[in-house]
Every structure is written in C-alpha cells, then in structure tokens.
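Trainee: Could you take me through one part of this model at close range? I would like to see how the sheet is put together and what lies around it.

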Amino acid sequence: MTDADTTTTTADWQAWQKSWDRQQEWYLPDREERFRIMLDMVEALVGTAPRVLDLACGTGSITARLLARFPEATSTGVDLDPALLAIAEGTFAGDERVGLVTADLKDPDWPAKLPYDSYDAVLTATALHWLHREPLADLYGQVAGVVRDGGVFMNADHMIDETTPGINAAERAQRHARMEQARESGVLGWTEWWQLAAKDPVLAEPTARRYEIYGEHADGDMPSAAWHARVLREKGFAEARPVWCSPSDTLLLALK
C-alpha cells in the first residue's frame, strides 16, 4: 500500500487537481483546447473505447479528461514524481479503468512495468521537455514499441523553431508579461504551488521525495516540431506531424 492509499480520506484530491490545473493554465492558457484536440484525434484514429498510456501522467490530467469524454476507455498512468502520483492515486482510487505505475522514463526497462504489452494511444503533455534530445529519441523508440499498429502517439509540449529567433523572443516576452499580470492577481505559479504542497500534511513527505529526485526543475531540450516528427518516423512511426499549435506550444501526432 502506498502513502497515498493510506491518506485518501484525509485529503481533498479534487481540490489539489483544480489547484494543479490553475497553476498549469498560468503557463498554458490554451491548455483545455489542446486537450480537446488531442481527444478529437484519439476518437478519429482509435475510437471511443481506447486503451491509453498516459505518459509522464503527473496528477492524471489527461486521464481525467479522457474518461470524462470516453467512459469506456482505460488508462495506465506512468510517472516518477511521488507527489503528483499521490494526487493521481487519490483522485482515481477505486476506478478500475485506471492503473498507475511508478517508473523512470530514462530507465530503458520502464515498459516492462506496464500491465499491457500494447496500447491504442500513448498521450503526453507538458512533460518530455525535461529530457535532452538523445534520451528523448531513445524514449520515442520505446514508445513505438508499445503503440499497436494503427495506434497513435501524441506529444503536446513546448517545441521551439530556432530559425525564427525574433518571433520567439516576442512571443516569450508577451507570454511572460501575461504571466506576471496573473501572478499579481494571486494566481499561483510553479514555485508557489510546490511551496504550498510542501506545507500540506499529506503531500509534504512525497513532495520532499520529489525534490530529492528532480531538484528545483529539470533541465532538458525543446527541439522543433520538425525534429520531433523526423525522429518519430525514424523510430518506427509511419506518419508524424503537428495537428494543433499555439504561439508557444505544439500538439504533434504520430501514427504507427
């Protein structure tokens, strides 16, 4: 039994989910639109009862929206963060459609921990930018191994086109100005959210373990959408391209 299992009755997991969503929206005002398009493409390509791998699942944001839209879907969430997994475990406790796995995606053997050999869809959002290019390319090869033929992989994340430095700088300045306005109105940013979690009687211990693993913040890469599409094809996907983008983010879809 995990720490989260023993504390389910003493924590307001839905409140923590909402708090996480608000904090993420501070960075990503188009977050819900991005999720909607992701699920549109799931429906279009693998139907309304898919077996999904929620990769680097965090609190289970993708899984929650998946099950709300497709009640017959099932989801396996995989992550290493003890605090975010505690929230996910508390949120989905008793839901037989959801399984959660603790695994390090930099460990080449992480797929062996999954309950299924293959998935209709592997979905991830705002997570893989903490990996550098070489381990990310390796991960894409492993993902290709767990997506069934005809299945899909989608990654929604920061993907920076280095050929447009002027546009990038303007977008970044505008985004950070908007974030600062939100902070002044009382919205919690990343650092403040984790400070709150560290003081919570339920999340303090897993948050401390989380900082032992990650430190303040991971330092990875944000290559362009073209890089992601090329590497995914090299690793075994038949097709790959963006299906949605904002000024700062891209939702890239790869078809096996």
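**The sheet and its surroundings**

Mentor: Happy to! Let me begin with the empty space: this predicted model holds one cavity of 30 Å³ or more. The largest cavity has a volume of about 40 Å³. Its lining is made up of Ala56, Asp79, Leu80, Ala103, Asp104, Leu105, Trp130 and Tyr214. By class, the residues of that lining divide into six nonpolar, no polar and two charged.

Now to the sheet itself. Seven strands form an open sheet with mixed pairing, in the order S3-S2-S1-S4-S5-S7-S6. At the edges are S3 and strand S6 (239–245), each of which pairs on one side only. From one strand to the next, the twist averages 20°. Helix H3 (residues 31–46) packs on this sheet, where H3 touches strand S4 (119–125), strand S5 (147–158), S6 and strand S7 (249–255). The direction of H3 makes about 170° with that of S5.

For the close look, go to the S3 edge. Strand S2 (residues 74–79) pairs with strand S3 (residues 98–102) in the parallel sense, over five bridges. To follow the chain between them, leave S2, pass through helix H5 (residues 82–92) and arrive at S3; this β-α-β crossover is right-handed. You can trace the pairing residue by residue: Ser75 stands opposite Val98 in S3, and Val78 has Val101 in S3 as its bridge partner. As you look along these strands, keep one general point in mind: in a regular strand the side chains alternate between the two faces of the sheet.

One last link back to the cavity: Asp79, one of the lining residues, belongs to S2, which spans residues 74–79.

Conventions: Residues are numbered from 1 along each chain as its sequence is written. This is a predicted model: local features need pLDDT of at least 70, side-chain atom pairs count only at pLDDT 80 or more; totals for chains, interfaces and linings use all residues. Side-chain values use heavy atoms; hydrogens and water are left out. Two strands pair if DSSP finds at least two bridges between them. Helices (H or I, at least four residues) and strands (E, at least two) are DSSP runs, numbered from the N terminus. A crossover is right-handed if, with the strands pointing away from the viewer, the path from the first strand over the helix to the second runs clockwise. On a 1 Å grid over the protein atoms alone, a cavity is a set of points where a 1.4 Å probe fits but cannot get out, and a pocket is an open set with protein on both sides within 12 Å along at least five of seven lines; lining residues have an atom within 4 Å of a point. Grid points are joined across faces, edges and corners, and a volume is the space filled by probe spheres set on the points. Ala, Val, Leu, Ile, Met, Phe, Trp, Tyr, Cys and Pro count as nonpolar, Asp, Glu, Lys and Arg as charged, and the others, Gly among them, as polar. Axes are lines fitted to C-alpha atoms, for helices over the stretch in contact, and angles run from 0 to 180 degrees between N-to-C directions. Contact means heavy atoms within 4.5 Å.
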